[in-house]
Amino acid sequence: MVKGWFVGNFEPSLFKTDLVEVGVKEYKAGDKEPLHYHKVATEITVIVKGMVVMNGTLYNGGDIITIEPGESTNFEALTDTITTVVKLPCVKDDKYIV
């Protein structure tokens, strides 16, 4: 799988669908994702393990963050972190760096 993504309309995929994307992502302390948004997809991030900052807010294991279409977010892992991310629907090239 590529960058932890395993469900969605992309290759490789364990289950191909336009309805949803699912990924389990691992980050090392200090890893970052740039400020970005989706025009179509809603992104739901579950912090499975670790501590992160998204949009200036601290989140810990067990927290769930929903980012609506058009809403920008960034991401920084403060500790080694595991997340599960669900984006729905699955829309190719729907990530815009701000």
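## The largest pocket

The largest pocket of this predicted model holds about 630 Å³ of space. Of the 27 residues that line this pocket, W5, E21, K25, K87 and K95 are the closest to its centre. The lining is made up of nine nonpolar, seven polar and 11 charged residues.

Several strands contribute to this lining. At least two lining residues come from each of β2 (21–27), β3 (32–37), β4 (42–49), β8 (73–77) and β9 (81–88). These strands are described below, within the sheets to which they belong.

## The sheet from β1 to β7

Strands of a sheet pair through backbone hydrogen bonds, and the pairing may be parallel or antiparallel. In this model, one open sheet has five strands in the order β1-β2-β9-β4-β7, and its pairing is antiparallel. The edge strands of this sheet are β1 (5–7) and β7 (64–67), each of which pairs on one side only. From one strand to the next, the twist averages 20 degrees.

The pairs can be followed across the sheet in order. β1 and β2 are antiparallel and share two bridges; here V7 stands opposite V22 of β2. β2 is then joined to β9 by seven bridges, again in the antiparallel sense, and K25 stands opposite T83 of β9. Seven bridges also join β4 to β9, and these two strands run antiparallel. Within that pair, K87 of β9 is the bridge partner of E43. Finally, β4 and β7 pair over four bridges in the antiparallel sense, with E43 opposite I67 of β7. The residue E43 therefore appears in two of these pairings, facing K87 in β9 and I67 in β7.

## Two faces of a strand

Which residues of β9 form its covered face, and which form its uncovered one? The covered face consists of T81, T83, V85 and K87, whereas I82, T84, V86 and L88 make up the uncovered face. Two residues of the covered face, T83 and K87, have already been met in the pairings: T83 stands opposite K25, and K87 is the bridge partner of E43.

The side chains of the edge strand β7 also alternate. I65 and I67 point to one face and are buried, while I64 and T66 point to the other face and are not buried.

## The sheet from β6 to β10

A further open sheet of five strands has the order β6-β5-β8-β3-β10, with antiparallel pairing. Its edges are formed by β6 (57–60) and β10 (96–97); each has a single partner strand, so one side of each is left without a neighbour in the sheet. Within this sheet, β3 and β8 pair over three bridges in the antiparallel sense, and E33 stands opposite F75 of β8.

## A buried glutamate

Is E21 buried or exposed? Its relative accessible area is 7%, which is under the 20% cut-off, so E21 counts as buried. This residue lies in strand β2 and is one of the residues closest to the centre of the largest pocket.

Apart from its neighbours within four places in sequence, E21 is in contact with W5, V7, G8, F10, V85, V86, K87, C90 and V91. Among these contacts, W5 and K87 are also listed with E21 as closest to the pocket centre.

## Backbone features in the loops

Most residues other than glycine have a negative phi, and most peptide bonds are trans. Where does the model contain cis peptide bonds? One joins E11 and P12, with omega of about -10 degrees, and P12 is found in the loop between β1 and β2. Another joins L88 and P89, with omega of about -5 degrees; P89 lies in the loop between β9 and β10.

A positive phi is found in K3, which is not a glycine; the value is about 55 degrees. K3 belongs to the segment before β1 and is exposed, with a relative accessible area of 66%. D93 likewise has a positive phi, near 60 degrees, although this residue is other than glycine. D93 is found in the loop between β9 and β10 and is exposed, its relative accessible area being 62%.

Notes:
Residues numbered from 1 in each chain as written. Predicted model: local features only at pLDDT ≥ 70, side-chain atom pairs only at ≥ 80, totals over all residues. Heavy atoms only, no water. 1 Å grid on protein atoms, 1.4 Å probe; cavity = no way out; pocket = protein on both sides within 12 Å on 5 of 7 lines; lining within 4 Å. Points joined across faces, edges and corners; volume = space filled by probe spheres on them. Nonpolar A, V, L, I, M, F, W, Y, C, P; charged D, E, K, R; others polar. Pairing = 2+ DSSP bridges. Axes fitted to C-alpha atoms, helices over the stretch in contact; angles between N-to-C directions. Buried < 20%, exposed > 50% of the residue type's maximum accessible area, 1.4 Å probe, protein only. Contact = heavy atoms within 4.5 Å.
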